[in-house]
Structures are given as C-alpha cells and as structure tokens.
Amino acid sequence: MAPGPDPNSVGDGAKRDEATIKVPSKDPKKKDDKKEEDLSEEDLQLKQNLELYVERVQDPNPELQKAALESMRQEIRASTSSMTSVPKPLKFLRPHYGTLKEFHKNMAESDLKKLLADILSVLALTMSAEGQRESLGYRLTGSEGDIGSWGHEYVRNLAGEIAEEYTVRQGEEASIEDLMDLVQQIVAFHMKHNAETEAVDLLMDVEDLDLLLEHVDRTNFRRTCNYLTSAAKYLPGPDDMLVLDIAYMIYIKFEEYPNALQIALFLDNMQYVKQVFTSCTDLLRKKQFCYMISRHGITFELDPEMVENDVDREMLQDIVNNTKLSEGYLTLARDIEVMEAKTPEDIYKAHLLDGRASSGPSADSARQNLAATFVNAFVNAGFGQDKLMTVPSDSTSGSAGNWLFKNKEHGKTSAAASLGMILLWDVDAGLTHLDKYFHSNDNPIIAGALLGVGIVNCGIKNDCDPALALLGEYIDKEDSSVRIGAIMGLGIAYAGSQNDQIRSSLSPILNDAKAPLDVIAFAALSLGMIYVGSCNEEVAQSIIFALMDRSEAELGEALTRFLPLGLGLLYLGKQQESVEATAEVSKTFNEKIRKYCDMTLLSCAYAGTGNVLKVQDLLAQCGEHLEKGDIHQGPAVLGLAMVAMSEELGLDMAIRSLERVLQYGEQNVRRAVPLALGLLCISNPKVTVMDTLSRLSHDTDSEVAMSAIVSLGLIGAGTNNARIAGMLRNLSSYYYKDASLLFCVRIAQGLVHMGKGLLTLSPFHSERLLLSPTALAGIVTLLHACLDMKSIILGKYHYVLYFLVLAMQPRMMLTVDENLKPISVPVRVGQAVDVVGQAGRPKTITGFQTHSTPVLLAAGERAELATDKYIPLSPILEGFIILKENPDYREE
Amino acid sequence: MLTVSVKWQKKVFEGIEIDPTLPPYVFKAQLYDLTGVPPERQKIMVKGGLLKDDADWSAIGVKDGQKLMMMGTADEIVKAPEKAIVFAEDLPEEEQATHLGYSAGLVNLGNTCYMNSTVQCLKSVPELKSALSNYALTGRSNDVDQTSHMLTVATRELFGDLDRSVNAVSPTQFWMTLRKKFPQFSQLQNGMHMQQDAEECWTQLLYTLSQSLKAPTSSEDSDAVKALFGVNLRSRVHCQESGEESSETESVYSLKCHISHEVNHLHEGLKHGLKGELEKTSPALGRTALYLKESLIDSLPRYLTVQFVRFFWKRETNQKAKILRKVDYPLELDIFDLCSEELRKKLEAPRQKLRDEEGKKLGLQPKSSSKDSDVKMTDAEASSKESGESSTVTQQEGGSSEKGTLHMTGIYDLVSVLTHKGRSADSGHYVAWVKQESGKWIQYDDSHPSLQREEDITKLSGGGDWHMAYIIMYKARFVSM
C-alpha cells in the first residue's frame, strides 16, 4: 500500500510502485492517510511488518526469503483461527497478492517456492477470482504440509475448489490422483473436527465415499451415517444405494446392528440382513432384529448359519413370523383400557346430531347394514370381540348368525370375512370362529369364511400354513364368489411371501379362457401381492398374457384395472431397470388399457423413491385435457402421490401441486386428487389437507365427494381425530338421503376409529425410513378400486376394502424384558425433531410428555426412554423393544 | 410309530401317536376323543395341505415330533333365519317413502315455488286430506263449476302422489288446472311464467276448495274448509264524531298481522290487525265520516292461519315493496285476549284444565292432589295423543267442539311456515317449512326436502335477507273434559 515512513524498508522502489498500482483506489494517498489514522498502533505495526516480509520475500538472499516466509506464515496462522471477518494479515496482504504471484512464477523450484505457494494458496482464499481455483492450484504445488494449520475456512474453500476441479478433470479424463491425496487430508481433518457433513459432501462430489470408512470413528459415525441416510433421499439412483451401502458398512463396523439392519431392509438386500445376523453374537439382540423384520412385513427364513441353536432359532423364527403380534396388541389395548367392544352406533354418535338424523327406519337397509359390518370390523380389528359377529350364539336366536343374515347376498361375504378382521393376527381363535361358516351351504358365506381365513393370517406365518391348506382347495371351485374369496384370502395371507406353490395354482387361472373376468382380476391382484416387489418374470408373463387375451369389452370393465395393477405391484419400488422390459411389452397392449398400464407400472416402479423427474412426468400426464373417456389419468394422479410420499419435502410439494391439479384438471383427474391426498397423508391428519378434503366432500360431483370422504377416513385412519370425526358426523346428516355417499361416510368413520385408535395405516415405519411393500400394496389396491367407486366398492366387490388389512399395524411402542414379557417403564413421547447435520447432541424430540409403556405413537412422534435403568436394544423406539438392564445403573 | 403334537385352538396336545399303517381316519378318531370334534368336522393342516381321510401317511411325510394344526369345532352350523329379512332397498317405492318419515318434494316448473310451498303447507293438514278423499265419494255437486271441480280433483291427486312417492313429484296437472281456474297465474314475463304472490294462491285455492267441498246439503256447518280454517270475527264499528255504534260479524280464513313501527311480535301485529279505521257514510251525519272498527274473535278454527302483511304497494316505485321488519312469532300462541267475552268464558274451563296438566307435568301438584287426578292425567295424555286421529274423525264438528270431549283452549301450536326470501312479492323464492307428525321439521325447498331444527324455525322472523315468514299456520291444542 502507500509507502509510509518505514525504517525497516528494504528493496527497490520499482517493486514498491508495482505494489501501489494494485490499489484500486483513485486517490490512494488521501485514502491511505485516512485509513492509517484509523488503524491502531498494533495494526499499524502488523501491517508494516507484513509489508516488510513481502519485500524481503523478493530478496535474492534465500536465508532472508525463508525467514520472511516463515514469519509471514506465522502471522497468518496466528490469525486464521477465527473467521468472523477477514483476518487482518490477509487484509493487509491483499495488495501484495499480485506481487507475490508474479514473484512465485519466476522462482526456481525449491522448498522456498513451495513455502510461498502455501502462503499464496491461503491468500487466494480471499483474492482468487471466481472459478480460477487458484487456492487449489497453489496448494497442489505447495509443501503439502498439515492442511488444518491454516484453519477451517481455508479447508472448506479448498474442498469446494476440489469439487469443481474434479468435474473439470472428469470431463477431460485427466488424472485425479493428486486431488485424491488432498481429499484424504481434508476428509481426515473434517472428520476430526465435527464437520462430518462437509467430509461426506466432498466425498460425494468426488465420488469416493469408500474413503469415509477409514476416517469414521466411534465418536462421529452416528452423525455421519445420519447424514448419509438422509442425504440418500435426495440423491438420484443409483447413487443413493451407494451412499446407503457405505452407511451400512459403517454401522456394521461399529457393531450398530439395529441401524445396519434398518438400512439392509431399506436396500432390500437379504444378504446384508443375513450378515447382520451372522456378525452379531448376542441372542437377545437377534430377537430385537427379528421384531424389526416382522414389522417390515417381509418373509424371512432364519437358517442355522444365522442362529445355531435349533431351539433359539425356532423362537426367533416365531418372532419373525409375527405370532406374538396379537398378544402385544392386546397388552396395549388392556393397558389403555379399550378392550370393551364398540358398536357402529358408538361410532356414528347420531345423538350428537340433534334431531337431524332420521329416526331408525323400521326395515333394515342392506347398504347401511353392510356399512355397519365394515365399521364394526375396522373398529374392533384385532380385539377378538365385538357386539355383532362374535357374540356367543346362546340360543336359537344366535345373534352372530343374525347379523350375518342382515346382510344381503354378497354382503354376507363381507360380513363373514369381518370375523377375520375382528380376530386379526390371532390365528387359532380366528380359525375356530370361522370354522362353522365353512359348513354353510350359502356360497357368499363360504367365500367370506375363506377371505376371513386370509385376513386372520395377514402378516402371520405358520409352519402348518393353515391358510394355504384351507383355501387351496377352493380356488378351483365352480362358484366364482367362492373362488374370489379363496384367491383374495391367499393374496392377503401370503403377501410378499413369493410362495411358489400358490403361484403354480393361481397362474393357470389367469390364462384360463373359461374363467370369468372377476376371478382373473383377483388372481392377478393376489399374485401381484404375493410377489410384490420381486420382479418375478413368470408371474409377469402370466399377467401379460391374461391382459392380451382380454376382449375389447372386457377391457372396458372396471375390474380389468386390477390386471395392470397386479403387474405393477411386481415392480413396486424397484425403479427403471427392472420394469423396463415389461413397460416395453405393455406398449403393445390394446389402447384401452395401454396407457393405464403404463401409468400404473411407472408409478409402482418409482413408489416411495421421491424421484422428481417421475413426479414431473406424471404431473404432465395429469395436465392433459383429453377428449375421450380415457381412464389413465387416475393412476397418474395416484402415482404422483406414490412417488412423492417418501420424504417430507417432496410430500409437501406434491400436496401443493395437487391443489393446482384440482383447480385446472379435468373431472376424471379431480376425482383422483382426494385419493392421492389420502395416500400422501395416510394416518397423518394434516390440517391443511383435512380442510381441502372437507371442502371437496361437498363437491357437486358426487364421485369427487365420495373419494374425498373416503380419503378423510384414510388420513384419519386409526387416530380417533375428533375434528375429522365431527366433519364426518356432519356429512352423515348432510348426505343422509344419498345411500352411496352415506355408505362412504360410514366407511370413513370406521377408518378414523380403526382399532379404537390403536392402529395406523402408514406403510412407513422406523422413523419414516422404511416402507413396507406389502402395506403399500394394500393401500394402492384400495385406491385403484376407489377410482371407480361405483362399480367396485359400491357394487358387489366391497370386500376390496379388506385389502387395507395389509397396512394395518399397531402404532405402539411396547417394551419387553429379556424374557419378552411386557414391562412398564417411563418414556418421553414428543414431536420428532430433525437433527441431521446439527452440532453436538441436540434434543431429538420436542414438546414431550412422559408416559409409561406401552404407549401410542402418533405420526411424526418419537419416543425416548426416560430412565437409565434400562438400555433399549434398538435406537428406534417403535413397535416391540427389548430392554436390557443397565449394569451401570445406580438407584438414587 | 410316530409321535406328533397337535395344536387345536389355544391348546396343544403333546405326544399323540400315529400308526402309519392305519389310515388317517383312525388318527382323527383319536383326536375326537381329545377334542370332541367329530372327524368329519376336523381339518388337519400339514405343511400347506389338508389331511385326507384316505391319505397315505408315508406320502404326506409327517416326521416324528412334528407339530400339526387342527381346525374344527363342534359348534352348530349357522343357518339362515327362517324368516327372510326384508331390506329397505327391496321394498316398493311407496313403502320406502313411509320409511323416510316425510313426503316428497315438488318439482319447480318455472317460478312455481309460490304454488309448491302453498301446497306443501296445506298438505300438512290431515283433515283437509281426508275431506278431499271424501270428495271423491260425494262427487261433484251441481253448484260447483267445472274448473273448481277439476282443481279439487287435481289437489286430491297431488296430495296422493306426494304421499306415495320417494322422489320429487312434478305437479304439472295441478298447475294446469290452477291456471285454468285462475288465469292471473299464467302471466308471462319474458316468455316465462311470472313469480306470483303465494298469499293469493293460498287464498284462492282455499276458497275454491271451500266451495267444492261444501256438502250437498249446503248448510253453513257442513263447509269443511270453513270449519277448519274459518275465523268468525265480531266487530264493533264506532264513529267518534257521531257516536254511532254498530256491530257486524264476518268470517275470514286468516288473520292479518299488520307490521308497523311498534310491532315487534306477532301478538302485537294481530292486535293491530284487528283494529282498523274506515270511512263510510254516516247516516247520522249525512256524510262520510271516520269509523273505528274493532274486531274480536268469536269462534276459533282448528287451524289458525296468520298472514304477515309484508307487502304493500309503493306508489313512487310502482311495485309491491316488502317490509323486512323482524316480527317474532312463538311456537306456542295464545290468543285468549283477542277473543270476545263469550268465547273467553267458554275457554276458561279448558284452559284451567290445561294449566293443571302442565303443572303436573312439571311436577307441581294441583291443590286437589288425589289419586284420581293422576288417573285423569294419564287419560288426558292418552287422548291428546289420539287427538290427531280423533280430530280427523270429528272434523265435521269443526270449531264448535263443545259437543265432543275435546275442547278448544285458545292455545295454538305452530305447524307450518311459508317463507319468502327476496325483496318483492313477485320475485324471490318461497319455501315451506312443515312440522311432521313425528315432531320433526322439514323444509320443502321445491324438490328438496331437508330436516331442520325447531330452533331454526323461529329464526325465520325476518329482519334480514334470510327466509322470512309470510304465512304461518297454527294448530289448535285441545283438552278433553
């Protein structure tokens, strides 16, 4: 800068002139004078020193040069530690950056040159022009000393430049070795200094996450993995899989098996799941793993390699097979004191509708009784007792029989099957209750009993395979209602099992020219459920052939939609590569079904991926204004929700886009929008969505109103939400004359009070990370059926409502001791807080209340133990949690 | 010998021995002993299949120590009830209508809501319905002209249709005959039929019916409509200038509720309506003079109709303007103080009786608390319940009910309200609000009947742009002596 009176000044004036030229100010003299006045004594001293160094650096004498460089470095390092403003040494050196650069260029190769390069690299931090990456350039030619000594900001800047450089070099296919060395250093530095997120970011930029494994340690792996898993949601495939792979390996490395298992399940990698079992030696922890697998709802067979002891293995397999679910659920119910059976009237609460509800008509309405059957089934689901179906038939006027016969024809199917729902998960009792209906001579009742067996066995596996044994015989019976009952029962009981025996008996039906359309449709659907997400080619082939064999008229039928849906379920969540071939084949289908098939395949394949490009594709489909009665926009709207439902941001965006679709879309699109909203917020009654649906439930188009009403039920499913319950009550008086709409209102009321508020339909679990494929399959099937409410649910196929059983899970946290007996401990339950990337050990829940287990968890809530007496074996406190006594615990 | 365990319901039977040489039926017999389930009802599940009675054990591949599962109960098999259940959906349309608890709406044929609401209000009078059905039997009498006869028949048919149907009825025939009889209702405006004054429709229709429903004997008493709706007024006409006084009687079908600045309540309006000034030639003065006319009710009708005089001819704008003033009306109306002296005397005893009954209902014991009064009360209750039916039987007796056991009390209950919404009589919308026998209120908005709450009915009193009462009808409360 301006040459002040400097006693120490050495060197020629020419250089000094050069230095002054760099000053951008027009009137350097004046300004500098003023500035110097502002500077404190200390600063002035520093400035003068630095200027001296700069001049000395250019001294021909290497000794002097070295001393000057060393001192300069000293000054810079001493000050870079805090970065709230540009450090003084950097500020004072700014004008000399050009000088030094120039000098460096002309310097001979030497240690001194490297030393100077180091300093220039730091100076470039504030001086380098955008995109020049000078800091990196000088760093690479520098002495490669400890990178951290220059401070955080420097490292951060360097990391940014590396990422840029990396892309450039990738484009030129140049070597990146020198960069990677630097990356190593930076990552090591970041990982040591609580900047895991930055280390991960850098490694993702240079596509070498494996490096992370070397640098994680016990103190930071949790935060690292947290960041990795949440970042994976926003990465395009297949990067997300790689990221999760790394997270898995880190968890395994630090023996954090529950988390490793979680990721293995997310990746749907059974090899990894197995590895978790083989790596862990503690039996109790393995039990916890089994609980986690059972919640995910997949079929998993333990082998001797995973658990050596036969007795232990059997016990663990029992947990995987969900045989204890019913018991746990009833423990919860007893604890919360809701065992008392409820009648549909308890749910309708007609007395609150002062005088508006018409006084009970003297004759039974079949429609309303059917609705009551469903309400009764949903409300008392899993409790094993109710007031309509299981009441002991004491005398000739056995009331169980009575209620059954208060349903008409196909209604009896749903009524008999409702027993399965009431005794859900309790196979022994369920079969006992259903037995007598097998001997009926009324086909709809037999069909209902078969379906009921399937429902009872939903999610429960048993060595004796009772469902298969009982239903297998009926799938080739003459009466199509009986066949459908058996087929649908199998689909529900064996969803996700990929059972070959069932495939070999169901596949022939698909290609049987004589089989009626409805039987074929349900067979395709059941196969889709059983092979959900398996990409099984043989099943795909059978369904494709079945679709090709359909006549023009059959393709127009409402039920035909189950064929493409069954096909789509095979690829649920498996993304493009797997579905490509089938999607290609579907292009050859009859145009009536082609687009529908296309949309269904696309939406199923990307379900739960949050893929933004697919969301845009689907939105574009919804935006088209079609002339003809094309039906493919319905699945496109549902697909939108299926793809976007996986993470919060995408979900909110989807909700907003749907508002637009609602405003500008055609009628058939509008009809699907409430259903999509229902899927997005399933069992999670967001107030904004509730209001939108409430508005739509009064829509002039009765089909929009119907789907809005059903969706109100879906978003409130199992929550007992008072506001939705009130809305539905008012709707029931508003629509009391319209039997169809009233039916929908009743169903929605049943859903809201599902399991008396102990159940959830959300397919997501484990802190919203994992998506249960069978649960999603069940919901999606119902929603597709709702696209043509009039012919399916309001027609004679109302029992498709029972597909929801696949998604029904207790929303509980139940703590058990080492002998798997329930114990009560205090827990805090509060709204979950996203702590990813936050420093320190932030609170994970907010606004909590302390309860004692078992407790209910609402959507978005998280629990944590409020005692140190026990240690949970899984960090994710949901479902069954095994507690181990804390050896270090001391009673106070 | 194989040993297996069998799980049945919640029990497990351990160590059951199987002899592989014997057919499975033997095994089932073993289980019968244990469980009491007959072999033919047993379903034994082995590895995804059912055990057949004649199967070969070796082919099934049961291993030693295997767990089997059995399903089966000795329960009675469900049977359909002998008497098939009848579902509402299967019933013929007429019966479905009765299940609904109220009758259907009327289709608007183009500005005919004035007519629809009038018909709905009048239909709520069961006595009128039965009188009309009797009309069919008596047939047309000679002194009734053709159009009146047709209108009467059309009314009867329309009432019948409404009772039978679930869906809205289209009153085409009735409308045609109405227009034929009263051509003023066929006025067109811009090619559309104009909105009409419901009050005019009401009055004209009632007048026609009263003409045609007169019994052939043509005596005053046999006028069914008059017996139901007629109010006899005795007026005292008084001239202040000359001091002349005369009295006259007249019979009207409705009382008028005049609305002026002081009127806030129906009762005040009625009083106002019964007082009037008129100019007529005074014989004493030999010129026109101002007379004051004060009327009192001389006999009470079964159904008291009150018309709110909301419309008046506004000269400056040349249209019928509407008074929006809020005039409250009660669900229970007492017109005792509008009655003449003689009538009051007659009413005294029944009113006392009514008060006693009500007092009892509220738990207050009348002074002469004895057992037989309790009995009386129950009697009274029973008869008051029957009153709906018995009144149809005794309808010929009309307002002079002294002959029967039932007595007028001067207390009336609101049964129907005809409201108008809008700013002038020839525009806006008419709606009928009718109390059903079940005690529920139904709003008949043309073809859409809907349930309403009783407290909402009293909110139709005006003062805003909401529906406001134009014609209201009260039903007399009787007490048996």
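In this predicted model, Pro854(A) lies in the loop that connects strand S7 (845-852) with strand S8 (855-856) of chain A. The peptide bond that leads into Pro854(A) from Thr853(A) is cis, and its omega is near -5°. Most peptide bonds are trans, and most residues other than glycine have a negative phi.

Backbone angles of the less frequent kind also occur elsewhere, as the phi values of three residues show. Asn194(A), a residue other than glycine, has a positive phi near 60°. Asn194(A) sits in the loop between H10 and H11 of chain A. Its relative accessible area is 56%, so Asn194(A) counts as exposed. Glu173(A), which follows helix H9(A), likewise has a positive phi, near 55°. In chain B, Gln9(B) has a positive phi near 50° and is also a residue other than glycine. The loop that holds Gln9(B) runs between strand S1 (2-8) and strand S2 (11-18) of chain B. With a relative accessible area of 22%, Gln9(B) is partly exposed, because the partly exposed class covers values between 20% and 50%.

Chain A as a whole contains 44 helices and 11 strands. Chain A has 892 residues, and 59% of these count as buried. Along the principal axes, its C-alpha atoms fill a box of roughly 120 × 70 × 55 Å. The accessible surface of chain A is about 35900 Å², and carbon and sulfur atoms contribute 48% of that area. When contacts in chain A between residues at least 6 apart in sequence are considered, 71% of them join residues at least 24 apart.

Helix H9 of chain A covers residues 152-172. At 1.5 Å a residue, its 21 residues should span 30 Å, and the end C-alpha atoms are indeed 30 Å apart, so the expected and modelled spans agree. The buried residues of H9(A) are Tyr154(A), Val155(A), Leu158(A), Ala159(A), Glu161(A), Ile162(A), Ala163(A), Glu165(A), Tyr166(A) and Arg169(A). In an α-helix, with 3.6 residues a turn, residues three or four places apart point the same way. The cover over the buried residues of H9(A) includes four helices of chain A: H7 (111-127), H8 (134-141), H10 (177-192) and H11 (196-205).

Two helix pairs in chain A were examined for packing. Such pairs are described by the angle between the two axes and by the distance between them. In one pair, helix H21 (residues 366-379) and helix H23 (residues 410-422) of chain A have axes that come within 9 Å and cross at roughly 10°. This crossing makes H21(A) roughly parallel to H23(A), because angles under 35 degrees fall in that class. On the side of H21(A), the contact is made by Leu370(A), Thr373(A), Phe374(A), Asn376(A), Ala377(A) and Phe378(A). On the side of H23(A), Gly411(A), Ser414(A), Ala415(A), Ser418(A), Met421(A) and Ile422(A) take part. The residues of this contact between H21(A) and H23(A) comprise 7 nonpolar, 5 polar and no charged.

The other pair consists of helix H39 (residues 687-696) and helix H41 (residues 722-734) of chain A, whose axes come within 11 Å and cross at roughly 5°. H39(A) is therefore roughly parallel to H41(A). Val687(A), Met690(A), Asp691(A) and Ser694(A) of H39(A) meet Arg723(A), Ile724(A) and Met727(A) of H41(A). The residues of the contact between H39(A) and H41(A) divide into 4 nonpolar, 1 polar and 2 charged.

Chain B contains 13 helices and 21 strands. Of its 481 residues, 45% are buried. Its accessible surface is about 23800 Å², with 51% belonging to carbon and sulfur atoms. Among the contacts in chain B with a separation of 6 or more, residues 24 or more positions apart account for 67%.

Within chain B, Leu296(B) belongs to strand S12 (residues 287-299). Its relative accessibility is 35%, and Leu296(B) is therefore classed as partly exposed. Apart from neighbours within four places in sequence, Leu296(B) is in contact with Asn232(B), Leu233(B), Arg234(B), Leu338(B), Cys339(B) and Ser340(B). The C-alpha atoms of Leu296(B) and Val263(B), which are 33 residues apart in sequence, are 19 Å apart in space.

Key:
Residues are numbered from 1 along each chain as its sequence is written. Chains are lettered from A and ligands numbered from 1 in the order in which they are written. This is a predicted model: local features need pLDDT of at least 70, side-chain atom pairs count only at pLDDT 80 or more; totals for chains, interfaces and linings use all residues. Side-chain values use heavy atoms; hydrogens and water are left out. Axes are lines fitted to C-alpha atoms, for helices over the stretch in contact, and angles run from 0 to 180 degrees between N-to-C directions. Angles under 35 degrees count as roughly parallel, over 145 as roughly antiparallel, 65 to 115 as roughly perpendicular and the rest as oblique. Contact means heavy atoms within 4.5 Å. Ala, Val, Leu, Ile, Met, Phe, Trp, Tyr, Cys and Pro count as nonpolar, Asp, Glu, Lys and Arg as charged, and the others, Gly among them, as polar. Buried means under 20% relative accessible area, exposed over 50%, partly exposed in between (1.4 Å probe, protein chains only). Accessible areas come from the Shrake-Rupley method with a 1.4 Å probe; for residues, only the protein chains shown count as cover. The expected span of a helix is 1.5 Å times one less than its number of residues.
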